[in-house]
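Welcome, and thanks for taking a look at this one. Below is a short briefing to help you find your way around, grouped by topic.

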Amino acid sequence: MKRSCYPQRMLMTACIGVMVSGCGVSSAGRAPRTDGQALFETCVPCHGTQGGGKEAVDAPAVAGLPAWYVVKQLEKFADGRRGAHPDHPAGLRMRPIGRSLEGDVERQAVAQWVAKLTPPPLGPTEGGDVALGSQLFAACAACHGRGREGNKVMGAPGLVGMAPWVFNNALDAFSAGHRGGAKDDPKAQAMRAMTAAVSTPLNRQAVLAYLSTIQNQEKE
């Protein structure tokens, strides 16, 4: 749905300009850095010191994500497969960050640091039909796996331990075409098509309830 948001968009444009100039998007000529913790300082304002994320700016927790997944997403932000949609502020904020890194060396360094961080604790999921969630998640598991590990071949992260707001915001982004719209990203396009199965609040809550049961089993 289109909204009249000219002032907000002007503010966003200004913020992106500051980020681009501050991050040094044109990084040609300098040697790649290998200190992942130092490189992660650029991410801290949105994702937090420990990578726990901030809902207010739609920045998900990245702590504990597999390094291969973080690298792949940073590549997508750098080449425009993610973060290019004008109506997705979170993606627009991330794109200059992805472009500021000096190739695979720095992406790997950040990703390895992020993977070592401890995922933040999540509160219990309220309500939700676990049985329905199990049925719906069967289709998701083909790509995302049954636990936190995800599926590197499919480029899909694990979903267990994902905060409900992150889960819902990601599905909203795919549904709206803010993600999965790039023609040269077939895996993201496939994910966009899959969102139809969890388009209703009832179905989403059911899947979250089921994922919560898996998380509880991991703690036992």
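In this predicted model, the count comes to 1 cavity of 30 Å³ or more. About 40 Å³ of space lies inside the largest cavity. From there, the briefing moves on to the aromatic pairs, the salt bridges and the chain as a whole.

**The cavity and its lining**

- The residues that line the largest cavity are Phe77, Arg81, Arg82, Gly83, His88, Gly91, His178 and Arg179.
- How do the residues of this lining divide into nonpolar, polar and charged? There are 1 nonpolar, 4 polar and 3 charged.

**Aromatic pairs**

- The model has 2 aromatic pairs.
- One of them joins Trp68 and Tyr69 in an edge-to-face arrangement, with 6.0 Å from centre to centre and 85 degrees between the planes.
- Trp68 is partly exposed, at a relative accessible area of 22%, whereas Tyr69 is buried, at 12%.
- Phe137 and Tyr210 also form an aromatic pair, and this one is tilted: the centres are 5.6 Å apart and the planes make an angle of 50 degrees.
- Where do the two partners of this pair lie? Phe137 sits in helix 7 (residues 130-144) and Tyr210 in helix 10 (residues 201-219), so the pair ties together parts that are 73 residues apart in sequence.
- Phe137 counts as buried because its relative accessibility is 1%, under the 20% cut-off.
- Tyr210 counts as buried too, with a relative accessibility of 13%.

**Salt bridges**

- Side chains of opposite charge can pair when their charged atoms come close.
- How many salt bridges does the structure hold? There are 5, and three of them are described here, beginning with one inside a helix.
- Glu75 and Lys72 meet through their side chains in a salt bridge, at 3.1 Å from N to O. Both of these residues belong to helix 4 (residues 67-79), where they are 3 residues apart, about one turn of the helix.
- Lys72 is partly exposed, with 34% relative accessibility.
- Another salt bridge links the side chains of Lys76 and Asp185, at 3.0 Å from N to O. Lys76 lies in helix 4 and Asp185 in the loop between helix 8 (164-176) and helix 9 (186-194), so this pair ties together parts that are 109 residues apart in sequence.
- Are Lys76 and Asp185 buried or exposed? Both are buried.
- The side chains of Arg204 and Asp172 form a salt bridge as well, at 3.0 Å from N to O. Since Arg204 lies in helix 10 and Asp172 in helix 8, the pair ties together parts that are 32 residues apart in sequence.
- Arg204 is buried, with a relative accessible area of 9%, while Asp172 is partly exposed, at 39% relative accessibility.

**The chain as a whole**

- The chain contains 10 helices and 0 strands.
- Following the sequence from its start, you would read the pattern α-α-α-α-α-α-α-α-α-α.
- What share of the 220 residues in the chain is buried? Buried residues make up 40%.
- Of the contacts between residues at least 6 apart in sequence, 64% join residues at least 24 apart.
- The aromatic pair of Phe137 and Tyr210 connects helix 7 with helix 10, and the salt bridge of Arg204 and Asp172 connects helix 10 with helix 8.

Terms used. Residues numbered from 1 in each chain as written. Predicted model: local features only at pLDDT ≥ 70, side-chain atom pairs only at ≥ 80, totals over all residues. Heavy atoms only, no water. 1 Å grid on protein atoms, 1.4 Å probe; cavity = no way out; pocket = protein on both sides within 12 Å on 5 of 7 lines; lining within 4 Å. Points joined across faces, edges and corners; volume = space filled by probe spheres on them. Nonpolar A, V, L, I, M, F, W, Y, C, P; charged D, E, K, R; others polar. Phe/Tyr/Trp six-rings, centres within 6.5 Å; stacked < 30°, edge-to-face > 60°. Buried < 20%, exposed > 50% of the residue type's maximum accessible area, 1.4 Å probe, protein only. Helix = DSSP H or I, 4+ residues; strand = E, 2+ residues; numbered from the N terminus. Salt bridge = Lys/Arg side-chain N within 4 Å of Asp/Glu carboxyl O. Contact = heavy atoms within 4.5 Å.
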